[in-house]
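Biologist: Please take me through the model shown below, one question at a time. I would like the reasoning behind each answer as well as the answer itself.

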Amino acid sequence: MNAAARRAVFAARRAIDVHVHAEVSCHHAEDPIFAEFADAATRYFKADRNRPTIAETVAHYRAQDIGFVMFTVDMEAGTGIRRIANEEIAEAAAENSDIMIAFASIDPHKGKRGALEARRLIEDHGVRGFKFHPPLQNFDPGDPIAWPLYEVIAHYRLPAIFHTGHSGMGTGMRGGGGVRLKYGQPMLVDDVAVAFPDMPIILAHPGWPWTDESLSMALHKPNVFIDLSGWSPRHFPPQIMRYANGQLGHKFLFGSDFPLIPPERWIAAFGEAGFKPEVHEPILRANALNLLFPEE
């Protein structure tokens, strides 16, 4: 299916969720270190501890008629957790190209080796974007250590999602599980947006306690967007609503943070949160469609 055909298929979906996690490998048992983080996140989000497989996630999104972007987080250097292979997500996306889009995650500490992997995943496996989680990957997003990766992503003009704000992962663990929240400050990504203006950047989550930094960047930089995952819309900081209903309605994207927040629950809360009717379609679908499948 070519890009135009995929765009048409996704345009017909009820919504497009740009923030879905793969937390269960098809080939390996759960990593014991990840289990500790998952236990803590389950308590924090009041979620189901039994994480769905990739196949179960696909089935859930088909039942909801929602297209979605899926990724794992390669945080081997920062946590020691064995990563889920990017190829697992890419293979599932290839088999379900009418509803699923594969993003990859590569630990920036892998340097040029990671950059070569990124190019291979794009050219050979159809990966359509990348996910970074600076607090879990233990790096400043503006550090040149990540430049080789960014250069590949920018070359192909693919989007990069950066976790911003508080991290539910590690919350309540001794020492926060070693997670440094400072790397989630959105303004740390500003240097990246300047250096790579052709790489669309998605700041994940409302970015609390630095929400205003995310809004400023989205206002200032044409290539910066914000996904609204990880929080119920009922609890968004008020400035999110104000800017979404005003001059930044074209910059916000629907994201759930599944499996921690089900997409149907997020959408239901979104409909009651006070967003203007005219921004519902852009946020739930159109903005993501234009970002993921840009028209030539």
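Biologist: Which residue caps the N-terminal end of α2?

Modeller: This is a predicted model, in which local features need pLDDT of at least 70, side-chain atom pairs count only at pLDDT 80 or more, and totals for chains, interfaces and linings use all residues. Residues are numbered from 1 along each chain as its sequence is written, while side-chain values use heavy atoms, with hydrogens and water left out. Helices (DSSP H or I, at least four residues) and strands (E, at least two) are numbered from the N terminus, and a polar contact is a pair of N or O atoms within 3.5 Å, one able to donate a hydrogen and the other to accept it, where residues adjacent in sequence count only if both atoms are side-chain atoms. At the N-terminal end of α2, the backbone nitrogen of Ile33 has a side-chain oxygen 2.8 Å away, and the capping residue that supplies this oxygen is Asp31.

Biologist: How many Å apart are the end C-alpha atoms of helix α2?

Modeller: The expected span is 1.5 Å times one less than the number of residues. Helix α2 covers residues 32–45, which makes 14 residues, and the span it should have therefore agrees with the distance between its end C-alpha atoms, namely 20 Å.

Biologist: Which elements are included in what covers the buried residues of α2?

Modeller: Buried means under 20% relative accessible area, exposed over 50%, and partly exposed in between, with a 1.4 Å probe and protein chains only. The buried residues of α2 include Phe34, Phe37 and Phe45, as well as Ala38 and Thr42. Taking contact as heavy atoms within 4.5 Å, the elements that cover these residues include α4 (76–79) and α7 (134–137).

Biologist: What is the order of the open sheet of 3 strands?

Modeller: Two strands pair if DSSP finds at least two bridges between them, and in this sheet the pairing is parallel. Strands β1 (15–21) and β3 (100–102) each have a single partner strand and therefore stand at the edges, with one side of each left without a neighbour in the sheet. Strand β2 (residues 66–71) is joined to β3 by 3 bridges, with Met70 opposite Ala102. The order is thus β1-β2-β3.

Biologist: At about how many degrees does helix α3 run to β2?

Modeller: Axes are lines fitted to C-alpha atoms, for helices over the stretch in contact, and angles run from 0 to 180 degrees between N-to-C directions. Helix α3 (residues 54–64) lies across β1, β2 and β3, and its angle to β2 is about 155 degrees.

Biologist: Within what arc do the buried residues of α12 fall?

Modeller: In helix α12 (residues 263–271), the buried residues are Pro263, Trp266, Ile267, Ala269 and Phe270. Seen down the helix axis, these residues line one face of α12, because they fall within an arc (taken from the directions from the axis to the C-beta atoms) of 165 degrees.

Biologist: Which residue in β6 stands opposite His163?

Modeller: An open sheet of 5 strands has the order β4-β5-β6-β7-β8, with parallel pairing. Within this sheet, 4 bridges join β5 (residues 160–163) to β6, and 4 bridges also join β6 (residues 201–204) to β7. The β6 residue that stands opposite Asp227 in β7 is Ala204, and the β6 residue opposite His163 is likewise Ala204.

Biologist: Is His133 buried or exposed?

Modeller: His133 lies in the loop between β4 (130–132) and α7. Leaving aside residues up to four places away in sequence, His133 touches Val73, His163 and Ser167. Because its relative accessibility is 4%, His133 counts as buried.

Biologist: Which residue does a cis peptide bond join to Phe258?

Modeller: The loop between β8 and α12 holds Asp257, among others, and Asp257 has a positive phi of about 85 degrees although it is not a glycine. In that loop also lies Pro259. The cis peptide bond has an omega of about 15 degrees, and the residue it joins to Phe258 is Pro259.

Biologist: Is Arg157 buried or exposed?

Modeller: Arg157, in the loop between α8 (147–155) and β5, has a positive phi of about 55 degrees without being a glycine. Because its relative accessibility is 54%, Arg157 counts as exposed.
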